[in-house]
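Student: I would like a close look at one part of this protein. Please take one residue and work outwards from there.

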Amino acid sequence: MTDLLVLHDVGASGGGEWADGFTEWPGAVFAPDLPGHHGTPPPVGGNYDTGDAVVVALDVLRDVAHGDLLVVGIGHSGAAAQVLALGGRAAGLVLVDGLGGPWLEPGDVDAQRRALRRRVLSTPTALAMPDADTDDPRASMVVGVVDRAFAVQQAVAMPVPVLVVETPSSPTPDAPDMVACFGDATLQQLVARQPSHVAQLVASWWSSRKPA
């Protein structure tokens, strides 16, 4: 039986809506709240990074066997989901608007990071610790994977089957070309990141790949 790990996007309310969307999943469903989301404390020092989701996932999976696990990465957390799959923790990978982008030149990445820091410093709510009912606004200011060459290298090295779900919210300008870089990938389109609709796609795809 395949267990499921869902890593929600940054700036989202948390993992609860994704756990609710996968209520029909036959295995265990892990959908942790990432740091600074839904009352979970922010990272030490409030310094957010795309690697935060990897740290959370490894903690959640500490007592879970390295066997049959499907990892789902939403938005920015697609990068973390790919790291877990490349590291041998997944039998399959699902990326929902998680391929990366928009693609930038190295100098533009530095400029974007500086702009985000200015936004934090100019936003009073971003400087205050969030309370238990408020997501930390700094979490939505994380710079995702914007180096296309790096994203392609990850895709080419991916050892597991991949389902790519793209919606109009996707930051990837060339999703079909990126999907073609994977050795074994299926591309599906949705009109929105509705958890229940994503769950239906994932269940159908995985059952065709790994019959019960």
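Student: Leaving aside its neighbours within four places in sequence, which residues is Leu93 in contact with?

Tutor: Keep in mind that this is a predicted model. Leu93 is in contact with Leu70, Val71, Ala81, Gln82 and Ala85. The list goes on with Met158, Val160, Pro161, Val162, Leu163 and Trp205. Neighbours within four places in sequence are left out of that list.

Now step back to the core. Leu93 belongs to the largest nonpolar core, which has 33 residues. Leu5, Leu93 and Leu99 touch the most other members of this core. Several elements supply at least two residues each. Among the strands these are strand 1 (3-7), strand 3 (69-74), strand 4 (92-96) and strand 5 (162-166). Among the helices they are helix 2 (52-60), helix 3 (78-86), helix 6 (148-157) and helix 7 (175-179). Helix 3 gives the most, with 5 residues. Apart from this core lies another one, of 19 residues. Val72, Ile74, Leu163 and Val165 are among its members.

Look at helix 3 next. Of its 9 residues, 7 are buried, so helix 3 is largely enclosed by the rest of the structure. The buried ones are Gly78, Ala79, Ala80, Ala81, Gln82, Leu84 and Ala85. Three of these names, Ala81, Gln82 and Ala85, also appear among the contacts of Leu93. What covers the buried residues of helix 3? The cover includes strand 1, helix 2, strand 3, strand 4 and helix 6. After helix 3 comes Gly88, with a positive phi near 85°.

Helix 2 deserves its own look. The axes of helix 2 and helix 3 come within 8 Å and cross at roughly 50°. The two helices are therefore oblique to each other. Their crossing is right-handed. On the helix 2 side, Ala53, Val54, Ala57 and Leu58 make the meeting. On the helix 3 side, their counterparts are Ala80, Val83 and Leu84. A general point helps with such lists. An α-helix has 3.6 residues a turn, so residues three or four places apart point the same way.

Now the sheet. It is open, with 6 strands in the order 2-1-3-4-5-6, and the pairing is parallel. Strand 2 (29-30) and strand 6 (185-189) stand at the edges. Each has a single partner strand, so one side of each is left without a neighbour in the sheet.

Follow strand 1 through this sheet. Strand 1 runs parallel to strand 3, and 5 bridges join them. In strand 3, Gly73 stands opposite Leu7. Strand 1 also pairs with strand 2, again in the parallel sense, over 2 bridges. There, Leu4 has Val29 in strand 2 as its bridge partner.

Is strand 1 buried or exposed? In strand 1, 5 of the 5 residues are buried, so the strand is largely enclosed by the rest of the structure. Asp3, Leu5 and Leu7 point one way, while Leu4 and Val6 point the other way. In a regular strand the side chains alternate between the two faces of the sheet. Leu5 is also one of the residues that touch the most other members of the largest nonpolar core.

Return to strand 4 and read onwards. Asp97 sits in the loop between strand 4 and helix 4. Asp97 is not a glycine, yet its phi is positive, about 55°. Buried means under 20% relative accessible area. Asp97 has 1% relative accessibility, so it counts as buried. Pro102 lies in the loop between strand 4 and helix 4 (106-121) too. A cis peptide bond joins Gly101 and Pro102, with omega about -10°.

One last stop is Arg209, in helix 8 (residues 195-209). At 36% relative accessibility, Arg209 counts as partly exposed. Arg209 and Gly92 are 117 residues apart along the chain, but their C-alpha atoms are separated by 9.3 Å. Not counting residues up to four places away in sequence, Arg209 touches Pro161 and Asp184. Pro161 brings us back to the start, since Leu93 is in contact with Pro161 as well.

Definitions and conventions. Residues are numbered from 1 along each chain as its sequence is written. This is a predicted model: local features need pLDDT of at least 70, side-chain atom pairs count only at pLDDT 80 or more; totals for chains, interfaces and linings use all residues. Side-chain values use heavy atoms; hydrogens and water are left out. A nonpolar core is a set of buried Ala, Val, Leu, Ile, Met, Phe, Trp, Tyr and Cys residues joined through side-chain atoms within 4.5 Å. Buried means under 20% relative accessible area, exposed over 50%, partly exposed in between (1.4 Å probe, protein chains only). Helices (H or I, at least four residues) and strands (E, at least two) are DSSP runs, numbered from the N terminus. Contact means heavy atoms within 4.5 Å. Two strands pair if DSSP finds at least two bridges between them. Axes are lines fitted to C-alpha atoms, for helices over the stretch in contact, and angles run from 0 to 180 degrees between N-to-C directions. Angles under 35 degrees count as roughly parallel, over 145 as roughly antiparallel, 65 to 115 as roughly perpendicular and the rest as oblique. A crossing is left-handed if the near helix is turned anticlockwise from the far one by less than a right angle, and right-handed if clockwise.
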